[in-house]
Amino acid sequence: MEGLIVIRPLGADDLEAVLQIQAQCPEIVAWSRAAYAPVVCGNYRGWVAVTGPQVLGFLVSRQTLEEAEILNLAVRPEARRLGLGSQLLARALEEARRAGVRRVGLEVRASNVAAIRFYERHGFRLQGRRRDYYSNPREDALLYGCVLAPSQPET
Ligand SMILES: CC(C)(COP(=O)(O)OP(=O)(O)OC[C@H]1O[C@@H](n2cnc3c(N)ncnc32)[C@H](O)[C@@H]1OP(=O)(O)O)[C@@H](O)C(=O)NCCC(=O)NCCS
């Protein structure tokens, strides 16, 4: 993958590409176009990793006062293991930290070894399991969480 990678907020014009990426990722829950409306209108937060006009990955999160949840994260299969998922996650965690969030949680399919390794590498720890949480195929969800250190005041 050549060219400068930029992480920027997910906008309405990115939805086509995001839906395409979703279609290539059976590991995640495929949202409808309408389900992305809260991201575009700002109730959820979303970011995309782009090179030029091409969207290579995206992350969507939801934030309350002290907690955030990673709702969906995916990188195009041909652009994986290049650090894009890490850049998207770093951006989401940094913005959450700045907003005063202390705890971040997520759910992942129990068989999704790549995502589990990825999140463990980024400091997430296993906190529980929801039996038969996913369908097609039916599978348990593992609950992962991490605690964010408060952000340092800027000097
Ligand atoms: C999980 C996912 C987003 C990771 O994105 P990525 O851009 O490939 O991740 P990075 O390149 O930043 O990987 C960082 C580290 O995570 C771990 N990791 C990532 N993919 C891995 C894999 N397939 N197997 C083992 N470890 C993996 C490694 O430690 C990796 O570092 P390394 O490449 O130096 O060994 C990507 O695999 C993906 O889109 N999967 C399908 C969708 C999905 O499962 N989303 C998560 C739903 S909860």
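Reader: Which residue of strand 2 stands opposite Val 6?
Author: The model is predicted: local features need pLDDT of at least 70, side-chain atom pairs count only at pLDDT 80 or more, and totals for chains, interfaces and linings use all residues. Residues are numbered from 1 along each chain as its sequence is written. Strand 1 (residues 6–9) and strand 2 pair in the antiparallel sense over four bridges; two strands pair if DSSP finds at least two bridges between them, and strands (E, at least two residues) and helices (H or I, at least four) are DSSP runs numbered from the N terminus. Opposite Val 6 in strand 2 stands Val 50.

Reader: How many residues of strand 2 are buried?
Author: A residue is buried if 20 or more other C-beta atoms lie within 10 Å of its own, exposed if 12 or fewer, and partly exposed in between, with C-beta atoms placed from the backbone. Strand 2 covers residues 45–51 and is largely enclosed by the rest of the structure, because the number of buried residues among its seven is six.

Reader: Which residue takes a positive phi in the hairpin of strand 2 and strand 3?
Author: Strand 2 and strand 3 (residues 54–63) run antiparallel and are joined by seven bridges. Thr 51 stands opposite Gln 54 in strand 3. The hairpin has two residues between the strands, and the one with phi near 55 degrees is Gly 52.

Reader: What is the order of the strands in the open sheet?
Author: The sheet is open, has seven strands and is mixed in its pairing, with the order 1-2-3-4-5-7-6. Strand 1 and strand 6 (125–134) each pair on one side only, as the edge strands. The order is thus read between those edges as 1-2-3-4-5-7-6.

Reader: At what angle does helix 4 run to strand 5?
Author: Axes are lines fitted to C-alpha atoms, for helices over the stretch in contact, and angles run from 0 to 180 degrees between N-to-C directions. Two residues are in contact if their C-beta atoms, placed from the backbone, lie within 7 Å. Helix 4 lies across strand 5 and strand 7, and its angle to strand 5 is about 160 degrees.

Reader: Which helix gives the most to the shell around the ligand?
Author: A residue is near the ligand if its C-beta atom, placed from the backbone, lies within 6 Å of it; of the 21 residues around the ligand, Arg 80, Gly 85, Ser 86, Ala 114 and Arg 117 come nearest. Strand 4 (67–75), helix 3 (84–98), strand 5 (103–109) and helix 4 (113–121) each supply at least two residues of the shell. With five residues, the element that gives the most is helix 4.

Reader: Which peptide bond is cis, with omega near -5 degrees?
Author: Most residues other than glycine have a negative phi, and most peptide bonds are trans. Asn 136 lies in the loop between strand 6 and strand 7, and its phi is positive, near 50 degrees. Pro 137 lies in that loop too. The cis bond runs from Asn 136 to Pro 137.

Reader: Is Asp 132 buried or exposed?
Author: Asp 132 belongs to strand 6 and has a positive phi of about 50 degrees although it is not a glycine. With 9 other C-beta atoms within 10 Å, Asp 132 is exposed.
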